[in-house]
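Biologist: Hi! Could you walk me through the side-chain contacts in this one?

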Amino acid sequence: MGVIEYAVSEARPERGQDTGEGARPAGHPEARLVSRLEGPQVKRACGHAGVQARGRGRRRAALAALGLLLAAAGLATPTGPGALAQGAVLGSAEMKARQAALLQASLADPANLDAAFEYAMVSAQVGDYEAAISTLERMLVFAPGLPRVQLELGVLYLRLGAEDVAATYFESALAAPNVPPQVAERVETYLAAIARKEAPAKVSGMLTTGVRVQSNANASPEGRRIQLNGTTFLLDDTATGKSDVNGFLSGNVNFSYDLGLQGDSLEADLVFYGARYGRLDRLNTEMAELTAGPTLNLARFGIDDARLGLYGIVNGIRLDGANYGAGVGAGLRLGMRVREKDEINARLEVRRRWFNDTARYPTASDRAGYAVRAVATYHHRFTAAFTGRLSVMADYEDARVGWKTSLEGGVSAGLTYRFASPFGGEAGPWSIDLEAGYTRRGFSRPDPLVNRSRSQRDNEAWLRSVLTMPVGGRGTAVALTGELRRQQSTYDLNDYTNALGMVTLMQRF
């Protein structure tokens with residue numbers, strides 16, 4: 001069961017989740033920080049305004065040294081005058097102090113476009129988009145028609161969700177005489193993205209492939225000695241925990257169609273996953289799941305920035321080269337922004353599941369029955385660099401036999417830190433994600449083959465770390481994942497520890 005559940009959770013991100021900056025794909029135009037206005041254009045702007053620009057202030061950027069529990073992974077981030085311009089993020093207090101100092105410099109000399117632009121850039125990095133926008137718009141008063149300023153204004157309005165205003169600035173930048181080629185290229189990319197977003201039918205998704213190494217791939221006890229109804233037994237060596245390497249391919253394809261009814265749409269998601277193991281071929285897995293249904297804009301009921309989705313579910317699973325399970329069901333999904341920096345995503349799903357007995361899984365059908373799962377996640381953006389989340393979940397699985405019927409509850413917390421790529425370029429910022437979680441699972445009746453007087457109780461905890469590195473500017477990224485998972489169980493057969501390392505290549509489209 002653990003293999004299948006991991007496959008599903010790995011392949012399918014929450015639809016509508018984290019609709020702030022964290023949800024944007026690697027390389028997406030909106031994921032890039034405000035770029036730096038080059039010196040020659042500042043000087044020309046000052047000449048146009050009849051004011052001689054003052055010399056550039058030195059730009060400092062320092063990122064805390066990054067240590068991660070990825071296996072032997074360590075990174076040093078760039079420092080120096082160019083780092084901040086590339087999108088590096090200073091500590092919150094230092095950034096705020098720099099923003100305040102630049103504000104005073106701009107107020108003292110409103111014609112100093114160099115200081116004004118840096119103030120706008122720093123304000124955008126700390127998430128103060130309104131201050132950045134007002135400053136850039138004021139710059140256009142002193143120096144009308146600067147393509148780079150119009151470009152950055154378009155980017156900021158796009159981040160705030162004002163596509164119409166953003167498009168106006170992008171088009172103005174493109175219409176200006178002598179537009180730098182790099183500015184024109186970026187503007188055209190943004191306009192194309194806005195056009196795709198405004199199209200009634202959209203297709204998007206992500207393909208993922210990679211290699212995973214696990215110390216206990218079959219989630220089995222490390223030792224051979226176990227207790228069954230008070231008697232000590234020795235497991236066959238094949239039934240103990242085994243390390244293994246596997247390759248996998250997963251994908252998530254989303255189709256949406258705007259119904260033109262106050263923001264309502266039809267949405268469908270296809271999720272698929274396949275894995276092949278080096279030694280434990282009985283864990284070879286293929287699965288696919290399709291969900292489809294309408295998504296409603298709740299603004300019609302006076303609830304702004306909220307969407308409610310209703311969808312049907314159908315799926316199938318193959319394990320060890322045989323049909324293992326299938327299911328149908330229905331789900332309810334809610335996404336709502338409660339404040340500018342806060343968002344809630346929740347879903348409730350009900351499924352009817354069937355399992356097929358096979359040569360290696362002769363009791364799989366004992367798990368057949370209904371399943372109900374509820375998950376709610378609260379997202380908060382602390383700064384432009386840090387976002388956090390807190391999730392709670394409950395899962396009830398009915399089964400044909402009482403010792404397979406379970407109730408589970410859990411909680412997890414995560415923190416994502418984004419920082420400039422050490423190599424610069426247009427790929428977008430790198431990110432480090434840390435997550436810790438805990439679940440408690442109980443079964444309704446004792447398993448007579450294991451313990452006739454005591455039901456199974458599991459306590460499971462995990463710690464996961466992911467380093468994501470965009471490559472190029474077309475939605476490609478490489479990720480390094482490290483995870484430690486520990487399950488303590490009242491049944492020795494279900495007590496295990498697993499360490500995992502994974503290298504993943506992702507492509508968004």
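Modeller: Sure, here come ring pairs and then salt bridges. This is a predicted model, where local features need pLDDT of at least 70, side-chain atom pairs count only at pLDDT 80 or more, and totals for chains, interfaces and linings use all residues. Residues are numbered from 1 along each chain as its sequence is written, and side-chain values use heavy atoms, with hydrogens and water left out.

Biologist: How many aromatic pairs are there?

Modeller: The search of the whole structure gives nine. Rings of Phe, Tyr and Trp (its six-membered ring) pair if their centres lie within 6.5 Å; planes under 30 degrees apart count as stacked, over 60 as edge-to-face and the rest as tilted.

Biologist: Why is the pair of Y417 and F419 stacked?

Modeller: Their planes are at 25°, with the ring centres 5.6 Å apart, so that pair is stacked. Ring pairs also link Y417 and F419 with F386, F423 and W430 in a cluster.

Biologist: Is F423 buried or exposed?

Modeller: F423 is exposed, at 70% relative accessible area, while W430 is buried at 5%. Buried means under 20% relative accessible area, exposed over 50%, partly exposed in between (1.4 Å probe, protein chains only).

Biologist: New topic: how many salt bridges does the structure hold?

Modeller: There are 26, each a side-chain nitrogen of Lys or Arg within 4 Å of a carboxyl oxygen of Asp or Glu. One of them joins R389 to D433, with the closest N and O atoms 2.8 Å apart.

Biologist: Which residues share a network with those two?

Modeller: Shared partners connect R389 and D433 with E408, E435, R441, D458, E460, R464, E483 and R485.
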